[in-house]
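Please look over the sequence and the model below before reading on. The text that comes after them goes from the whole chain to single residues.

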Amino acid sequence: MNKRVKFYIINIIFISLVIIFSSYSVSFCAYPKLIKKILDVFDNLKEYLVAIATPVAAVAIASGFLMQKFSFGDEERLRNGKKLIRTSIVSYAFILALDLIINLIQGLIK
């Protein structure tokens, strides 16, 4: 046989085995202990990050506003205040979007 034909036959067999075994995942075990623990860790991590990030973001935004308010015309303090507000809002939005990312990872694991 040609090397190319052997390669295609092996690939077809491998892909068909992957499809067959992936469709019967419910009958083997829907949630093995390791997968269940990983999913629980992702949920706990998400909850802790949101719980910690909310007050930190509020303090950063408030300090950015205060920095702008009490800059007394200093351009560098104004820029630093705006930068602090912008980065804290973007960081907090990313942490809130972390829920979507974790759900995507959980969907891929299932």
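The paragraphs that follow take up the overall fold, the pairing of two helices, the loop between them and the surface.

This is a predicted model, in which local features need pLDDT of at least 70 and side-chain atom pairs count only at pLDDT 80 or more, while totals for chains, interfaces and linings use all residues. Residues are numbered from 1 along each chain as its sequence is written, and side-chain values use heavy atoms, with hydrogens and water left out.

The chain has four helices and zero strands, and along the sequence this reads as the pattern α-α-α-α; helices (H or I, at least four residues) and strands (E, at least two) are DSSP runs, numbered from the N terminus. Of the 110 residues in the chain, 12% count as buried, where buried means under 20% relative accessible area, exposed means over 50%, and partly exposed lies in between, with a 1.4 Å probe and protein chains only. The accessible surface of the chain comes to about 9000 Å², and 71% of this belongs to carbon and sulfur atoms; such areas come from the Shrake-Rupley method with a 1.4 Å probe, and for residues only the protein chains shown count as cover. Among the contacts in the chain with a separation of 6 or more, 55% are made by residues 24 or more positions apart, a contact being heavy atoms within 4.5 Å.

Where do helix 3 and helix 4 meet? A good place to begin is Gly64, which is found in helix 3 and is buried, because its relative accessible area is 0%. Leaving aside neighbours within four places in sequence, Gly64 is in contact with Gly81, Leu84 and Ile85, and the C-alpha atoms of Gly64 and Leu84, although 20 residues apart along the chain, are separated by 5.5 Å. Ser88 lies in helix 4 and is likewise counted as buried, with a relative accessible area of 9%; not counting residues up to four places away in sequence, Ser88 touches Ala60 and Ile61.

Two further residues of helix 4 can be followed in the same way. Asn80 has its place in helix 4, which spans residues 75-109, and counts as partly exposed at 36% relative accessibility; the C-alpha atoms of Asn80 and Met67 are separated by 7.8 Å, with their positions 13 residues apart along the chain counted as the sequence separation. Leu96 is also placed in helix 4 and is partly exposed, at 43% relative accessibility, and from Leu96 to Lys46 the C-alpha to C-alpha distance is 8.8 Å, for a pair 50 residues apart in sequence.The loop between helix 3 (33-69) and helix 4 holds Ser71, which is buried, with a relative accessible area of 7%. A polar atom of the side chain of Ser71 lies 3.0 Å from the backbone oxygen of Gln68; a polar contact is a pair of N or O atoms within 3.5 Å, where within protein one must be able to donate a hydrogen and the other to accept it, and residues adjacent in sequence count only if both atoms are side-chain atoms. Apart from its neighbours within four places in sequence, Ser71 is in contact with Arg77 and Leu78.

Phe72 has its place in that loop between helix 3 and helix 4 as well, but Phe72 is exposed, with a relative accessible area of 72%. Its backbone has a positive phi of about 55°, although Phe72 is not a glycine. The structure holds one aromatic pair. The ring centres of Phe70 and Phe72 are 6.3 Å apart and their planes stand at 55°, so the pair is tilted; rings of Phe, Tyr and Trp (its six-membered ring) pair if their centres lie within 6.5 Å, with planes under 30 degrees apart counted as stacked, over 60 as edge-to-face and the rest as tilted. Phe70, at 46% relative accessibility, counts as partly exposed.

On the surface, Val5, Ile9, Ile13 and Leu17 make a nonpolar patch of about 310 Å². Patches are made of residues with over 30% relative accessible area and no salt bridge, like charges being joined within 9 Å and nonpolar side chains (Val, Leu, Ile, Met, Phe, Trp, Tyr) within 5 Å; a salt bridge is a side-chain nitrogen of Lys or Arg within 4 Å of a carboxyl oxygen of Asp or Glu. Ile9, one of the patch residues, is found in helix 1 (residues 3-23) and is partly exposed, with a relative accessible area of 37%.
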